[in-house]
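Open the model in your viewer and keep the selection box at hand. This tour tells you what to select next and what you will find there.

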Amino acid sequence: MLEITKHFKGLSLLLLLTVVSLIAQGESLSGFRRGRQVDGFLGDPSKIATLQRALDVEDLWFEQRLDHFQSDETRTWKQRYFVNDAHYRNDSHAPVFLMIGGEAEATKKWMHEGAWIHYAEHFGALCIQLEHRYYGQSHPTSDLSTSNLAYLSSEQALADLASFVIAMKAKYNLADTQKWIAFGGSYPGSLAAWAREKYPSLIYGAISSSGPLLAQVDFTQYFEVVKASLASYKPDCVEAVQRSFAQVEILLRHMIGQRNLDEKFKTCTPLKDSIENALDISSFFENLAGNFAGVVQYNKDNSPHAKITIDEICDVMLNTTMGPPVTRLGAVNDMLLEQSKSKCLDYKYDKMIADMKNVSWNSETAKGMRQWTYQTCTEFGFYQTSEKKTDTFGDRFGVDFFIRQCMDVFSDRMNSKYLDQAVSKTNKYYGALKPETTNVLYVHGSIDPWHALGLYVSPNAKTPTIYIEGTAHCANMYEPAANDTPQLKEARNKILKYLSKLLDGYASFAKFS
């Protein structure tokens, strides 16, 4: 709780970056792939039932422009948002906290849970969450065709925020002296920082959690951090994982070995049918590596994503009584299949592409997979690759594997040259790891692979950072728990003090513990 003086109340957001694993036809899309869960990078604010609060939150709608940058485009659409005024002190200096929605449906639970609500209670802030265009129930166009997705970009999303802030100031009669603070985690963490950069007259400050600022096609560092995070538990774990992947390669060479792998990994279709299909095999290996990535990315977060820990999968990989490393790798795969409620491991590339090409809002892909993939193909890259034989996870899914998906799902023009140009444009527009912003606090966890593309070492006083040892993706954003690590508790205190500075020292002596 916040410990503050009697004058104030006590107190009771990626971000993620890319698409979900694909399960057999007829099953729901679930699991983890390319840095993203099926319900987005952030997910719900708490997995602990006793910390969850049941409050009604109304769906509100704002008329938004389809295109902010073409004056002759006059079409509009309805964008969803939520409001919580339970802690709002309603005076001319009360702050407004804006939670930025990301690449999944905005969840109402964030309107009454999560660290930002505790901050709001402390500062008497009005809390507003705006759902990102093309995600959740915010549908700018009739479907998700590639031509319609032309209106999906971070730049349009930031312009949405600007128009929304202006309209809300009028609707709620908010004074110019009331400061707007943006919050976001993962991709929305990036948006929070960029909102302050591009619209400083509207957004006074931002808390950017686990936000990647550097767009990069070939995100080689991702699995390097996964490797280091596994080693932080036990170095032998990495060796066991590397040996298991090497054994998969050996078994793939012979039909008996392929059948063995089908049994160990519960494949939906026999590997012998795909052994000559390099794309299928790449997808198979990427799925196996994604098992480790998903656990590492949310390790011990107070998030519903964090059901299995590094400790658990490493203990399995080091349990020699279970058999050789490849058998233990199969056991880890079983754990993740069970978590995602999947009956088998679907690695078929053509099926993935067919699913991804579904443009209906009623499809499973409309939960965010198709949209986020489009953004990676047109703005960010973020492709988590393993392309050297000496790599822990082998050399089966290099950058060409992901670029091929952009071309197969959206357009042949989205080739390597196109991706390089798109990423270069993004970095030039936002400044990458050299932002020229003020009043933004960048927060990252050492376990989180996404920190490699974020600002986690402060180059100067104008761009402060918090680097939390031993924590994962967006850890500071989730609902606080009694068993949080001391360094996580300290980080929340630092965030609180930073907010106090932004808000003219309001209760700067408070403590979040």
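We begin with the whole chain and then visit a few places in turn.

**The whole chain**

Please keep in mind that this is a predicted model. Colour it by secondary structure: the chain has 14 helices and 14 strands. Now switch to the surface. The chain exposes about 19,800 Å², and carbon and sulfur atoms supply 50% of that area. How many of the residues count as buried? Of the 513 residues, 62% do.

**Stop one: Cys237 and Cys314**

Select the cysteines next. A disulfide is a covalent bond between the sulfur atoms of two cysteines. Searching the whole structure turns up 3 disulfides. Start with Cys237 and Cys314, which form a disulfide with their sulfur atoms 2.1 Å apart. The pair links distant parts of the chain: Cys237 is in helix H5 (residues 235-252) and Cys314 in helix H8 (residues 310-317), 77 residues apart. The angle about the S-S bond is -85°, and the link of Cys237 and Cys314 is left-handed. If you show the surface again, bear in mind that both Cys237 and Cys314 are buried.

**Stop two: Cys268 and Cys344**

Move on to Cys268 and Cys344, another disulfide, where the sulfur atoms are 2.0 Å apart. Cys268 sits in the loop between helix H6 (255-265) and helix H7 (278-297), and Cys344 in the loop between helix H9 (325-339) and helix H10 (349-356), so this disulfide ties together parts that are 76 residues apart in sequence. Is the link of Cys268 and Cys344 left-handed or right-handed? With 95° about the S-S bond, the link is right-handed. Cys268 is partly exposed, at a relative accessible area of 27%, while Cys344 is buried, at 15%.

**Stop three: Cys377 and Cys406**

Select Cys377 and Cys406, whose sulfur atoms are 2.0 Å apart in a disulfide. Cys377 belongs to helix H11 (residues 369-380) and Cys406 to helix H12 (residues 399-409), so the pair ties together parts that are 29 residues apart in sequence. The torsion about the S-S bond of Cys377 and Cys406 is about -85°, so the disulfide is left-handed. Cys377 counts as buried at 0% relative accessibility, and Cys406 is buried with a relative accessible area of 0%. Counting bonded cysteines along the chain, the disulfides follow the pattern 1-3, 2-4, 5-6.

**Stop four: the nonpolar cores**

In soluble globular proteins, nonpolar side chains tend to be buried together. Which residues touch the most other members of the largest nonpolar core? Select Leu230, Phe292 and Phe393: of the 116 residues in this core, these touch the most other members. The largest share of this core, 10 residues, comes from H7. Apart from it lies another core, of 36 residues, among them Tyr119, Ala125, Ile207 and Tyr498.

Now centre on Leu230. Leaving aside neighbours within four places in sequence, Leu230 is in contact with residues including Val238, Val241, Phe292, Val296, Ile310, Ile313 and Phe393. You will also recognise two cysteines from stop one, because Leu230 is in contact with Cys237 and Cys314 too.

**Stop five: Ser209**

Find Ser209 in strand S9 (residues 205-209). Ser209 counts as buried at 1% relative accessibility. Show what surrounds this residue: not counting residues up to four places away in sequence, Ser209 touches Gly184, Gly185, Ser186, Gly189, Val443, Cys474, Asn476 and Met477. One of these, Cys474, counts as buried at 0% relative accessibility.

**Stop six: out to the surface**

Turn the surface back on and select Tyr456, Val457 and Tyr467, which make a nonpolar surface patch of about 260 Å². Tyr456 lies in the loop between strand S12 (440-445) and strand S13 (465-468), and counts as partly exposed at 30% relative accessibility.

**Last stop: Asn358**

Finish at Asn358, in the loop between H10 and H11. Asn358 is partly exposed, with a relative accessible area of 34%. Which residues does Asn358 touch, not counting those up to four places away in sequence? They are Ser363, Thr365 and Arg370. Try a distance label here: Asn358 and Arg370 are 12 residues apart in sequence and 8.2 Å apart in space, C-alpha to C-alpha.

Notes:
Residues are numbered from 1 along each chain as its sequence is written. This is a predicted model: local features need pLDDT of at least 70, side-chain atom pairs count only at pLDDT 80 or more; totals for chains, interfaces and linings use all residues. Side-chain values use heavy atoms; hydrogens and water are left out. Helices (H or I, at least four residues) and strands (E, at least two) are DSSP runs, numbered from the N terminus. Buried means under 20% relative accessible area, exposed over 50%, partly exposed in between (1.4 Å probe, protein chains only). Accessible areas come from the Shrake-Rupley method with a 1.4 Å probe; for residues, only the protein chains shown count as cover. A disulfide is a pair of cysteine sulfur atoms within 2.5 Å. Contact means heavy atoms within 4.5 Å. Patches are made of residues with over 30% relative accessible area and no salt bridge: like charges are joined within 9 Å, nonpolar side chains (Val, Leu, Ile, Met, Phe, Trp, Tyr) within 5 Å. A salt bridge is a side-chain nitrogen of Lys or Arg within 4 Å of a carboxyl oxygen of Asp or Glu. A nonpolar core is a set of buried Ala, Val, Leu, Ile, Met, Phe, Trp, Tyr and Cys residues joined through side-chain atoms within 4.5 Å.
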